[in-house]
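Open the model in your viewer and keep the selection panel at hand. We will go from stop to stop, choosing something to highlight each time and looking at what is there.

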Amino acid sequence: MPAKKSPARPRELLFGDLWEFDPAPESAEPFIAPRYGLFIDDKFTAPKSRKYFDTIAPRNGAKLSEIALANAADVDAAYTAAAKAFPAWSKLPGKERGKYLFRIARLLQDRAREFAVAETLDGGKPIKESRDFDLPMAAAHFFYHAGWADKLEFVAPGRTLQPLGVVGQIIPWNFPLLMLAWKIAPALATGNTVVLKPAETTSITALKFATILQQAGLPPGVVNIVTGAGETGAAVVDHPLAAKIAFTGSTEVGKIIQRALAGSGKKLSLELGGKAANIVFEDAPLDQAVEGIVNGIFFNQGHVCCAGSRLLVQESVADLVVAKLKRRMQVLRVGDPLDKNTDIGAINSAEQLAKIKDLVASGVKEGAELHQPSCKLPAKGFYHAPTLFTKVSQSHRVAREEIFGPVLSVLTFRTPEEAIEKASNTPFGLSAGVWTDKGSKILKMAAELKAGVVWANTYNKFDPSSPFGGYKQSGFGREGGKHGLLDYAILK
Ligand code: NAP
Ligand code: MG
């Protein structure tokens, strides 16, 4: 998408001569190479496997680029480079490491438009989200951790933080660049070196990020990026040079990794799936709550680990809330993610779309009532209408399984105790939302809900200084804040 030039204007309209307006973000050039190698030791290199795979744009199925497929030998080369870089990087004064992180953060801001378009093309999320959320938050994580790099003695007063060594990091496709930032920024701030594997369907912004590392002059081998699918991920996990594995992804793969690492002595953090309850009490500001419910489940097409996918609404206001919700859903704009007006973009892949459809079909079969606004979906690409299920019982698959799509299940409750019981009736424990006018109720719910994050009268709010992570089958370890730093260090 080349930048659109403004049409020629009459001579008297001189503004264009004085100030060239930047193109709107949705028309910025994403600079996607036709083919990407692996990023090892500061260079893009051809994979030893000699294999490449296609990455496509979910908005229309078009091929965007070819991505190198790293095999075990490639992963080994990445670990070797990271191990070679570790002694010098870990000995660098924190202030110097911080300078690199500040540089990376500023370069991300400089190239935010280009990255936002690339993220939307490769992953399918609405441009307004990659532009206003993913990119600013990714830069914020580097800024935040840049600030910590020379202040590590204040993380745990009286103790010192020592880096672990080479860390292997594996991330999913729902927030490709942001998950990369969550992983790489704390690892570098604490003096570790990195081998990172992005998800198969969304490698482009990680590889473009490698060019930012080159621009920033990061020493060779400090960050290495190996692309590929599950087998490449397994090679990252199994490598003997890994001091720690940091994984974000599904609970199913998290369990495989935990089993693979048992007894190895490697440190592990797992950020896994969720099935969050968004709990609305009768005394809540209902219009505000409806906005929070919509944001909670339809943000990023519902491809959000902490999505508020189970709406628990107090029985006395259930009909009213559902009626308001249906009205609000009718005006959600579903379509081309590159359109800046789009609220719900493309589903990340054909496989994910099939999984969502399968779970929606199970909801209908098991007796829940389906509601979808009348909206026309684009003919090409992967799309799913925003979906609401009422008459849901706790045994339904749509109430138990993580759908990871724009599908909301509504359940009701009468008392706070019943809400807590229903909210906790899940193997997950990542997040929850509480909507009420009463501060005391918020405190009671937050104390009793077993969830890593509890939002009160808001939803999906993030900040690099606030630790994020789960309980139960949503994983362990925290990302962000001091807790996140501690997960990349040994306390002495
Ligand atoms: P996934 O299938 O578990 O994949 C996650 C990553 O692991 C991908 O890079 C994947 O590679 C790789 N992988 C697959 N099999 C592997 C194996 N055997 N060993 C090592 N790595 C392997 O999850 P996903 O479908 O990409 O992401 C969705 C899941 O992530 C959801 O469950 C969501 O809740 C969770 N998530 C959690 C958080 C959190 O902070 N708690 C944040 C975001 C997402 P390929 O994709 O290339 O095959
Ligand atoms: Mg893609």
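**Stop 1: the ligand**

Start by selecting ligand 1 and its surroundings in this predicted model. The shell holds 30 residues, and the closest are Glu-200, Gly-230, Gly-233, Gly-249 and Cys-305. Colour that shell by class and you should find 15 nonpolar, eleven polar and four charged residues.

Which helices should you highlight next? α8 (230-238) and α9 (251-261) each supply at least two residues of the shell around ligand 1. Of the contributors, α8 gives the most, with four residues.

**Stop 2: the two domains**

Now colour by domain. Domain 1 covers 35-272 + 474-491, and domain 2 covers 277-465. Where does ligand 1 lie relative to these domains? Both domain 1 and domain 2 give residues to its shell, so ligand 1 lies between them.

Place a marker at the centre of each domain, taken over C-alpha atoms: 30 Å separate the two. Then select the residues in contact across the boundary, where 22 come from domain 1 and 24 from domain 2. On the domain 1 side, look for α4 (112-123) and α5 (127-148), each of which supplies at least two residues. α5 gives the most to this side, with seven residues. Colour the domain 1 side by class and its residues divide into seven nonpolar, eleven polar and four charged.

**Stop 3: back to α8**

Return to α8 and show its side chains. Which residues of α8 are buried? They are Thr-232, Gly-233, Ala-235, Val-236 and Val-237. Gly-233 you have met already, as one of the closest residues to ligand 1.

To see what the buried residues of α8 pack against, add α2 (72-91), β7, β8, β10 and α9 to the display. That brings α9 back into view, a helix that also supplies at least two residues of the ligand 1 shell.

**Stop 4: strand β7 and its partners**

From that set, pick strand β7, residues 166-170. Five of its five residues are buried, so to speak of β7 as mostly covered is fair. In a regular strand the side chains alternate between the two faces of the sheet. Turn the view to look along β7: Val-166, Gly-168 and Ile-170 point one way, Val-167 and Gln-169 the other way, and all are buried.

Next, show the neighbours of β7. Strand β8 (residues 193-197) runs parallel to β7 and is joined to it by five bridges. To find one of these pairings, select Val-166, whose bridge partner in β8 is Thr-193. Add helix α6 (residues 176-189) and you can follow a right-handed β-α-β unit made by β7, α6 and β8.

Strand β10 (residues 242-248) also pairs with β7 in the parallel sense, over five bridges. Here, select Gly-168, which stands opposite Ile-245 in β10.

**Stop 5: a three-stranded sheet**

For the last stop, select β1, β5 and β4. These three strands form an open sheet in the order β1-β5-β4, with mixed pairing. Which strands are at the edges? They are β1 (35-36) and β4 (52-56), each pairing on one side only.

Zoom in on β4 and strand β5 (residues 63-68), which run antiparallel and are joined by five bridges. Finish by selecting Tyr-52, which stands opposite Ala-68 in β5.

Notes. Residues numbered from 1 in each chain as written. Chains lettered and ligands numbered in written order. Predicted model: local features only at pLDDT ≥ 70, side-chain atom pairs only at ≥ 80, totals over all residues. Near = placed C-beta within 6 Å. Nonpolar A, V, L, I, M, F, W, Y, C, P; charged D, E, K, R; others polar. Domains from an automatic or database assignment. Buried ≥ 20, exposed ≤ 12 C-beta atoms within 10 Å, placed from the backbone. Pairing = 2+ DSSP bridges. Right-handed = clockwise from strand over helix to strand, strands pointing away. Contact = placed C-beta atoms within 7 Å.
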